[in-house]
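Please walk me through this protein model. Short questions and short answers will do.

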Amino acid sequence: MLLQDTALIYGRYLRQSLRSRIALLFGVLTPLLYLLFFGPLLTDLPLGGRGSSWQVLVPGLLLQLGLFGALFAGFLIIIEKSQGVVERMRVTPVSRLALLLGRVLRDATVFVFQAVLLVLAAVAMGLRAPLAGVLIGFAFVALLTVSLASLSYALAMKVRTPQEFGPLINAVSMPSMLLSGLMLPMTLGPSWLDVLSHVMPLRYLVDAMRDAYVGSYATPHMLYGVVVAVALAGLAVTVGTRVFRTSGA
């Protein structure tokens, strides 16, 4: 029943996304602009890591796509609460876990699709990375999306208006971007900043993806990245499901 319910919710929201093709394509616009206008500035610069500047920048942009997209996914819940959609779903026999999983799996599908478009654009600009590393990167994007979208939906169930939700998300997203080394490796900064960045879970995903993009799979960074990504996804889905079960619409 859980699989059937999840597939039902997933299909409903995926069809909504497919009907909004402009939003689907424009969701990748910000990382694409970074790729086009910021990437060439890094060419031939010593970035303190293995591989080319594209192998440093592209993994960060892919995770940036998941970070900002998934964190703001909760706006949909706020709209649905105001229209009574959430209340009608909660009185059905559909599993509360399915109500969450259907949504976050749709988000993961959308952002992985956008990540594919971004990688294709990066390849056209000079990115060279092993196929296995690229596929591992997509898996990290999917796990990050599941984690952050689950937490975003849980938070959206607790707040009443978009005016409350937006500032809270910005307070999380900006430090996460700045302290995780999405744009440039944190090792380029002062030692105190590099140490501080290790409190950010996203830092471990960034380091693991950059290793994958240069073909290094059996590294401590990869191990830490996988453990953090899986643990964060499990914790976030657990929290999100509990909120869906207990929060009023």
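What follows is a set of questions and answers on fold, core and surface.

This is a predicted model, in which local features need pLDDT of at least 70 and side-chain atom pairs count only at pLDDT 80 or more, while totals for chains, interfaces and linings use all residues. Residues are numbered from 1 along each chain as its sequence is written, and side-chain values use heavy atoms, with hydrogens and water left out.

Q: How many helices and strands does the protein chain have?
A: Helices (H or I, at least four residues) and strands (E, at least two) are DSSP runs, numbered from the N terminus. The pattern along the sequence is α-α-α-α-α-α-α-α-α-α-α-α. The count is 12 helices and zero strands.

Q: What radius of gyration does the protein chain have?
A: The radius is taken over C-alpha atoms, and the globule rule is 2.2 Å times the number of residues to the power 0.38. For 249 residues, a compact globule would come near 18 Å. The protein chain agrees, at 18 Å.

Q: Which helix supplies the largest share of the largest nonpolar core?
A: A nonpolar core is a set of buried Ala, Val, Leu, Ile, Met, Phe, Trp, Tyr and Cys residues joined through side-chain atoms within 4.5 Å. The largest one has 65 residues, with V58 and Y213 among those with the most contacts inside it. Of this core, 12 residues come from helix α8 (residues 131-158).

Q: Which residues does V58 contact, leaving aside its neighbours within four places in sequence?
A: Contact means heavy atoms within 4.5 Å. With those neighbours left aside, the partners of V58 are L35, A122, L127 and Y213.

Q: Is R203 buried or exposed?
A: Buried means under 20% relative accessible area, exposed over 50%, partly exposed in between (1.4 Å probe, protein chains only). R203 lies in helix α11 (residues 201-213). Its relative accessibility is 5%, so R203 counts as buried.

Q: Which helix gives the largest share of the nonpolar patch?
A: Patches are made of residues with over 30% relative accessible area and no salt bridge (a side-chain nitrogen of Lys or Arg within 4 Å of a carboxyl oxygen of Asp or Glu). Like charges are joined within 9 Å, nonpolar side chains (Val, Leu, Ile, Met, Phe, Trp, Tyr) within 5 Å. Both α2 (21-26) and α3 (29-38) supply at least two residues. Four residues, the largest share, come from α3.

Q: What relative accessibility does F113 have?
A: F113 belongs to the nonpolar patch and sits in helix α7 (residues 96-125). F113 counts as partly exposed because its relative accessibility is 38%.

Note on methods:
Areas by Shrake-Rupley, 256 points an atom, 1.4 Å probe, with all protein chains shown as cover.
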